[in-house]
Amino acid sequence: MLIELSRPLPYGPFMDHGNYTNDYIRGILQSVKTIALVGASSNPARPSWIVMKYLIERGYDVIPINPGLAGGELLGKPVYASLADVPHPIDMVEIFRNSEAAGPITDEALTLEPLPKVIWMQLSVRNDEAAARAEAKGVKVVMDRCPKIEFGRLSGEISWQGVNSRMLSAKKPVLAGKGFQKLSLNRPR
Amino acid sequence: MTDRLPGFDTLAIHAGAAPDAATGARATPIYQTTSFVFDDVDHAASLFGLQAFGNIYSRIGNPTCAVLEERVAALEGGTAALAVASGHAAEFLVFHTLLQPGDEFVAAKKLYGGSINQFNHAYKNFGWNVVWADPDDPATFEAAITPKTKAIFVESIANPGGVIVDLKAIAAIAKKHRIPFIVDNTMASPYLIRPFEHGADIIVHSATKFLGGHGNSIGGLIVDGGSFNFAGDDRYPALSKPRPEYGGMVLGETFGNFGFAIACRVLGLRDLGPALSPFNAFLILNGIETLPLRMQRHSDNALAVAEHLASHDKVSWVSYPGLRSDRYHNLAKQYCPKGAGAVFTFGLSGGYEAGVKLVSNLKLFSHLANIGDTRSLVIHPASTTHRQLTDDQKVQAGAGPEVVRLSIGLEDKDDLIDDLNNALDAA
Ligand SMILES: Cc1ncc(COP(=O)(O)O)c(C=O)c1O
């Protein structure tokens with residue numbers, strides 16, 4: 001039995017943003033492979049750089065988007081100026097910009113073919129109108145969350161930092177393979 | 001699946017403690033090691049750069065200590081916690097993270113004597129200036145605030161004298177002036193009072209007392225409530241300014257609502273060094289598993305003993321908020337309806353002499369300088385824990401010459417009452 005915390009979803013077609021279930025977040029992080037990170041930074045002290053590195057280490061194909069750095073490479077990945085420039089399908093668009101900028105970025109993402117499956121706005125970024133436009137097209141939305149924190153929380157890694165993961169389990173966490181200091185999302189529930 | 005919120009007793013046993021990923025060990029292993037092997041060079045760099053979660057060196061973090069941290073964070077309803085070598089180390093690291101030389105903080109003048117001493121003397125070397133306020137009169141906290149005030153500090157139930165602090169009233173003042181509100185929750189434990197629910201931003205514990213609960217380990221905890229927004233606030237450069245030791249990282253921005261706990265770890269614990277031993281963390285964790293049962297029994301026994309003493313003719317007064325006649329009884333009903341804790345003071349009609357005699361005549365009560373043990377304890381604060389204070393400060397702190405402090409344990413209450421009766425008769 002895995003007792004997980006955070007409040008249940010209300011009924012209705014749209015997500016109750018602010019109260020995502022662990023299953024919803026885990027489902028997204030387990031299903032996406034290619035993540036376009038809008039607002040990527042070349043500064044290793046910035047959260048966007050740290051999150052990009054972490055997601056690459058966890059096996060995601062991260063595509064950095066930043067017009068100022070386009071044509072170059074970040075953490076070994078080619079940088080593009082915009083989502084439209086990316087030459088292959090994108091599963092998830094992760095928005096590392098402010099809440100206002102998240103609107104037009106979401107609209108740009110919704111012109112892609114095929115559509116991304118998920119639009120994820122970083123911790124402190126929230127744009128409910130943009131979220132509604134995405135959900136109307138069947139695209140899942142996460143707002144005001146950090147994928148690194150969520151991965152760490154659901155896998156159990158974040159517990160090593162004394163953070164309240166709000167997860168209780170009598171099942172073993174699953175090692176991610178290499179070494180002992182990485183855990184997987186495929187934890188029995 | 002519906003995510004449900006477990007109860008306090010379940011958290012006391014399970015929070016933070018999944019079976020060991022490598023071995024399946026069900027009890028939390030004691031990771032008695034100084035250091036942890038890196039997966040590879042890049043992994044080492046990520047850990048040192050605070051870019052990955054994991055273990056480096058047990059001064060900075062240790063998996064046994066981390067279980068304790070998550071357990072206490074969950075019980076208090078905080079975002080994260082940090083385990084340290086003692087309750088005093090917890091207080092020190094909190095102020096080190098919040099204060100610059102020349103800064104002030106406002107503290108309740110009814111506190112554990114060691115904290116009064118730490119604030120009055122040790123902190124002077126750092127240029128941190130305490131300003132005292134009266135916890136019975138929240139307005140005195142507001143009056144003490146100046147542009148240099150960086151924090152407010154109180155104990156939820158104050159040691160030694162069963163003082164219940166009106167947390168909500170002081171929290172409102174802290175919020176109005178945008179100052180973090182720190183509560184030392186040692187005497188109540190989260191079983192009796194959960195200060196974040198009353199507006200605290202940061203909680204500290206001496207885990208030496210009720211969390212460990214068996215009188216065998218010194219330890220402390222800092223809990224981050226995640227409620228104070230440090231990011232962008234120039235008054236708190238540890239959290240709001242680029243940190244040169246981490247390549248310009250802004251901790252309050254990078255770690256969001258658990259940034260304060262991370263700053264205490266990576267700036268305070270890492271550089272100043274008061275780390276908790278994993279063995280102590282293990283013993284404290286074991287204690288916490290029975291915290292709800294023990295705290296209830298402590299409080300029930302204490303009420304029975306306090307009621308008995310209140311009716312004894314050699315006792316001039318008893319200060320226990322669980323007593324209906326006590327001046328703090330209404331606050332106790334509001335903040336700790338399950339019980340008012342184990343510790344209280346009383347005065348002997350015979351004064352100082354009678355106090356000294358009582359202490360030496362007791363057979364079951366141990367005469368020592370601690371509280372929150374399974375065993376019942378007794379002390380004369382004026383000559384011990386509060387000795388370094390001036391006479392005036394002693395009275396202010398509820399530790400005058402005639403005062404005896406008890407920490408009621410988990411024994412049969414009738415045996416405790418019998419022991420006190422015999423010792424009082426002989427006194
Ligand atoms: C309320 C309170 N805070 C802090 C401390 C200091 O804790 P430690 O002795 O673990 O350093 C004590 C110890 O008596 C205490 O009672």
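Which helix of chain B gives the largest share of the shell around the ligand? In this predicted model, the answer is helix α4, which spans residues 87-98 of chain B and supplies 3 residues of that shell. Around the ligand there are 14 residues, and the ones that come nearest are Gly87(B), Asp184(B), Ser206(B), Thr208(B) and Lys209(B). Sorted by class, the shell is made up of 8 polar, 4 charged and 2 nonpolar residues.

A few individual distances help to fill in the picture of the ligand's surroundings. At Gly87(B), a polar backbone atom lies 2.8 Å from an oxygen atom of the ligand. A polar backbone atom of His88(B) is likewise found 2.9 Å from a ligand oxygen. With Asn159(B), the side chain takes part: one of its N or O atoms is 3.0 Å from an oxygen atom of the ligand. Taken alone, the ligand would expose 390 Å², and the protein buries 92% of that area.

We can now turn from the ligand to the place where the two chains meet. Here, 47 residues of chain A are in contact with 51 residues of chain B. Together the two chains bury about 3900 Å² between them, with 55% of this area on carbon and sulfur atoms. Charged side chains also meet across the interface, where 3 salt bridges are found. One salt bridge joins Lys182(A) to Asp39(B), and the closest N and O atoms of this pair are 3.4 Å apart. Polar contacts between chain A and chain B number 13 residue pairs, counting those with both residues at pLDDT 80 or more.

Which parts of chain A build the side that touches chain B? At least two residues each come from β1 (2-4), α1 (22-31), α2 (47-57), α5 (147-155) and β9 (167-169) of chain A. Of the elements on this side, α2(A) gives the most, with 6 residues. By class, the side of chain A that touches chain B holds 22 nonpolar, 12 polar and 13 charged residues.

Finally, a look at a single residue of chain B shows how distant parts of a sequence can meet. Arg178(B) sits in the loop between α7 (167-176) and β7 (181-184) of chain B. Leaving aside residues up to four places away in sequence, Arg178(B) touches Phe228(B), Asp233(B), Arg235(B) and Tyr236(B). Lys150(B) is 28 residues from Arg178(B) along the chain, and the C-alpha atoms of these two residues are separated by 8.9 Å.

How values were computed. Residues numbered from 1 in each chain as written. Chains lettered and ligands numbered in written order. Predicted model: local features only at pLDDT ≥ 70, side-chain atom pairs only at ≥ 80, totals over all residues. Heavy atoms only, no water. Near = heavy atom within 4 Å. Polar contact = N/O pair within 3.5 Å; in protein donor to acceptor, adjacent residues only side chain to side chain. Areas by Shrake-Rupley, 256 points an atom, 1.4 Å probe, with all protein chains shown as cover. Helix = DSSP H or I, 4+ residues; strand = E, 2+ residues; numbered from the N terminus. Nonpolar A, V, L, I, M, F, W, Y, C, P; charged D, E, K, R; others polar. Contact = heavy atoms within 4.5 Å. Buried area = accessible area lost by both parts, 1.4 Å probe. Salt bridge = Lys/Arg side-chain N within 4 Å of Asp/Glu carboxyl O.
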